[in-house]
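The following note sets out several points on the structure shown below, for consideration alongside the sequence.

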Amino acid sequence: MALKSFLIIGMGSFGTHLCKALAKRKCDIMIADSDENCVEKMLPYVTSAKIGNCCDEQVLRSFDIPSFDVCFVCMGNNFQNSLQITNLLKELGAKKVYSKAEEDVQAKFLLNNGADKIIYSEKDIAEKLAVIECSTNVFDRIELAAGYDLIEMRCPKKWVGKSIMQLNIRHNYHLNAIAVRTGDKFVPLVSPEYVFGKDDHIIVLGSSEDAEKLG
């Protein structure tokens, strides 16, 4: 599986958590901030780093924005800068932009100016985004306890046409399949005889790491 490439603008609390979470998954990460100290402390975690004012279109243009799979705008302390950077990223061809907001009115403006998704909280969301965006098969994740997550994932190709019993999912993959969703159809408490289809989304209980291995 090819590594995804990420741009993180703003090395505050959220940007730092997000960067470390992505680094754990061996991603290609570029960071940018106007504060040299903030950038320097994150150098061990990233592929490349830039010091500069990202409100400047020429600075952003130099980053080759279309080359990134996802761009994160983590300028939590300056909404005007966040709004401007979000708008510039889209104008420069960003594929997907996540922008940080502190309240709903900020989220509304960011969405109207190019943001694809809004980020509200800190470390927990950083971990969740890292899991979802680094995996080709994980759609959502809710942490229940250390090592136990509720995960919605795409049915792996090698599971298609086979039943839960045949696959012996709990033993072979350390996951428990608890429900299946196909389009608008939802099957709760799925039986061991259920045969998976290629369009199934499976809700499993287990660790994100085990689910990611199936991508």
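**Notes on the predicted model**

1. The buried residues of α5 pack against α4 (79–91), β5 (97–100) and β6. The model is a predicted one, and this point and those that follow should be read accordingly.

2. Helix α5 spans residues 104–112, and its buried residues are Q106, A107 and L110. These residues lie on the same side of α5, because the arc they cover around the axis is only 100°. The other side of the helix carries the exposed residues D104, K108 and N112. After α5 comes G114, which has a positive phi near 115°.

3. Two of the elements that α5 packs against, β5 and β6, belong to an open sheet of six strands. The strand order is β3-β2-β1-β4-β5-β6, and the pairing is parallel. At the edges are β3 (48–51) and β6 (117–119), each of which pairs on one side only. On average, neighbouring strands in this sheet are turned by 15° against each other, direction ignored.

4. Within this sheet, the pairing of β1 with β2 can be described in detail. Strand β1 covers residues 5–9 and strand β2 residues 28–33, and five bridges join them in the parallel sense. Residue L7 has M30 of β2 as its bridge partner.

5. How many salt bridges does the model contain? The count is six; three are taken up here and in the next two points. One of them joins the side chains of E102 and K100, with an N to O distance of 2.7 Å. The two partners fall into separate accessibility classes: E102 is partly exposed because its relative accessible area is 46%, whereas K100 is buried because its value is 6%, under the 20% cut-off.

6. A second salt bridge is formed by the side chains of E152 and R181, at 2.2 Å from N to O. E152 belongs to strand β8 (residues 148–154) and R181 to strand β9, so this pair ties together parts that are 29 residues apart in sequence. E152 counts as buried, since its relative accessibility is 17%, while R181, at 30%, counts as partly exposed.

7. The side chains of D210 and K213 also meet in a salt bridge, with 3.6 Å between N and O. Here a buried residue is joined to an exposed one: D210 has a relative accessible area of 16%, and K213 has a relative accessibility of 66%.

8. Backbone geometry deserves a separate remark. Which residue in the loop between α8 (169–173) and β9 (176–182) calls for attention? That residue is H174, which has a positive phi of about 60° although it is not a glycine. H174 counts as exposed because its relative accessibility is 53%, and the class begins over 50%.

9. L189 is likewise not a glycine, yet its phi is positive, at about 50°. This residue sits in the loop that runs between β10 (185–188) and β11 (201–206). Is L189 buried or exposed? L189 is exposed, with a relative accessible area of 78%.

Note on methods. Residues numbered from 1 in each chain as written. Predicted model: local features only at pLDDT ≥ 70, side-chain atom pairs only at ≥ 80, totals over all residues. Heavy atoms only, no water. Pairing = 2+ DSSP bridges. Helix = DSSP H or I, 4+ residues; strand = E, 2+ residues; numbered from the N terminus. Axes fitted to C-alpha atoms, helices over the stretch in contact; angles between N-to-C directions. Buried < 20%, exposed > 50% of the residue type's maximum accessible area, 1.4 Å probe, protein only. Arc of directions from axis to C-beta. Contact = heavy atoms within 4.5 Å. Salt bridge = Lys/Arg side-chain N within 4 Å of Asp/Glu carboxyl O.
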